[in-house]
Amino acid sequence: MQDESLPLWLPRLARHGGPRFLQIADALQVAVANGLLKPGDRLPPQRRLAAQLELDLTTVTRAYDEARRRHLLEGRGARGTYVAAPKVDLTAILDLSMNTPPPPAGVDFDDMLKQGLSRVLMSTEAELLMTYHLGGGSDSDRKAGARWLEPMFGPLDSRQIVVCPGAQAAIAALILALTKPGDVLLAEPASYPGLRAAATQFGRRIVAVEADKHGMVPEMLEQACRRHKPGLVYLNPTLHNPTAVTMAAHRRKELASVAKRCQMRIVEDDPYWLLAEAPPPPVATLAPEQVCYISTLSKCLTPGLRVAFVLIRDPHERERFLDALRSFALMAAPMTAALATQWILDGTADELMEGVRREARLRHQMARDILAGRYSGAGDGLHAWLELPSYWTPSQLARAADREGIAITPAEAFATGAINGVSVNAIRISLGSVKDRERLQAGLQRLSHLLARRPESFSAAAV
């Protein structure tokens, strides 16, 4: 039975009211909100509160940790734990420019992280996590990669998988391994900016191949292959960045056939496949000898892991890829690679990814409702592609949005080249980088109002 001398802010814990630590944290949040607890108030020591509640100390510790995560409490060393002063948000900008997974509601990410790292440290010697490793990942890491890729390919030989420190490193290493300075790389007119950055750095040239509503046009690809003899073709066929188009199965088959006829290498960058609703099989299943396949955890779980898996079936190409990768990124960080492996093998990754999927779809529904008539997202994934009214250009709108406190990405950031002199009048908005759904809603409403205004009226109002 709970002690009658419990603090006034803490009601009796309900038997069926959910985890006790969350009940305590929720009570703290309510007390701070209604002024019962004020900044600077000292909380009871954890041991005393645990004894009063007849709970384990760890339960109260978790409750205080959760309250700190919500910025309700602050520790002052031996002096104890106090109610924190309200945090002042100095970052007024609403960032709709960065494609990151949204924080999933109902998933305790902090607990996942602590539990995962604890299991890693229990099963692995600490010095092995703090030393150099040969590039490509351990046997366990590659087996985790095979498990991660199983929904796309079925059972795989884990020896064909390379573990990399992120998809950008994988793209750069594939460019170095498969092409020479001066080579042409083929891509759609709007493509992932990291491709252009790597190509420019390594002295390669990107040529744009015409795309339609289904993605890259096969006839145009074949013409470009015969004309330019490219080093490789870059494809992002599922929830394409930036257009959010998912390439249909028939188009994938046609592009795979062109690659086989032209003996062309394809880099299939597929970060969003696991977030998409029933996507077609990857191009790499249709032309396995022609395609190197990249899947990153950054878009489905969290960018902080910095882990991507690359499927390269040819052993000689795999060695060339590893040589190229080692020239600038010796290895994926062993600690985060081990954590990724732990999460994949124990099911935590699936739980987190399902939470990201649910949250992303809720946010897409919100964007569809607010941006009615302009929204062109797929309903899943992390971003939407908005075609603009003729009175706005992408760069104009980006500048105006910035003045309104909103960061967006104009089409120019993704351009690899205009087709027939025509550029794209659109922006990409990312739906995951704003943590709170309410702030995202407010940002989308401000963006909708801005889109409805002409640049002249915006300028006049600003004067």
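The following dialogue examines the predicted model shown above.

Visitor: Which conventions govern the numbering and the values of this predicted model?
Guide: Residues are numbered from 1 along each chain as its sequence is written, and side-chain values use heavy atoms, with hydrogens and water left out. In this predicted model, local features need pLDDT of at least 70, totals for chains, interfaces and linings use all residues, and side-chain atom pairs count only at pLDDT 80 or more.

Visitor: How many helices and strands are there in the chain?
Guide: Secondary structure follows DSSP runs numbered from the N terminus, helices being H or I of at least four residues and strands being E of at least two. On that basis the chain has 16 helices and 16 strands.

Visitor: Why is the chain described as being as compact as a globular protein of its length?
Guide: The radius of gyration is taken over C-alpha atoms, and the globule rule is 2.2 Å times the number of residues to the power 0.38. For 463 residues the rule gives 23 Å, and the chain is as compact as a globular protein of that length because its own radius of gyration is close to this, at 25 Å.

Visitor: What percentage of the 463 residues in the chain is buried?
Guide: Buried means under 20% relative accessible area, exposed over 50%, and partly exposed in between (1.4 Å probe, protein chains only). Of the 463 residues, the buried share is 52%.

Visitor: How many salt bridges does the structure hold?
Guide: A salt bridge is a side-chain nitrogen of Lys or Arg within 4 Å of a carboxyl oxygen of Asp or Glu. The structure contains 23.

Visitor: Which residue forms a salt bridge with arginine 251?
Guide: Arginine 251 is buried, at 6% relative accessible area. Its partner is partly exposed, at 35%, and lies three residues away in helix H10 (residues 249-261), about one helical turn. With the closest N and O atoms 3.4 Å apart, that partner is glutamate 254.

Visitor: How far apart are the closest N and O atoms of glutamate 354 and arginine 357?
Guide: Both residues lie in helix H13 (residues 348-370), three residues apart, about one turn of the helix. Glutamate 354 is partly exposed at 31% relative accessibility, whereas arginine 357 is buried at 17%. The closest N and O atoms of their salt bridge are separated by 2.5 Å.

Visitor: Which helix supplies the largest share of the largest nonpolar core?
Guide: A nonpolar core is a set of buried Ala, Val, Leu, Ile, Met, Phe, Trp, Tyr and Cys residues joined through side-chain atoms within 4.5 Å. The largest core has 58 residues, and Trp148, Leu149, Leu186, Leu221, Leu297 and Leu301 touch the most other members. Its largest share, six residues, comes from helix H6 (residues 139-153).

Visitor: With which residue does the side chain of histidine 240 make a side-chain polar contact?
Guide: Histidine 240 lies in the loop between strand E9 (232-235) and H10, and is buried at 4% relative accessible area. A polar contact is a pair of N or O atoms within 3.5 Å; within protein, one must be able to donate a hydrogen and the other to accept it, and residues adjacent in sequence count only if both atoms are side-chain atoms. A polar atom of the histidine 240 side chain is 3.1 Å from the backbone oxygen of alanine 190. The side-chain partner, at 2.9 Å, is threonine 243.
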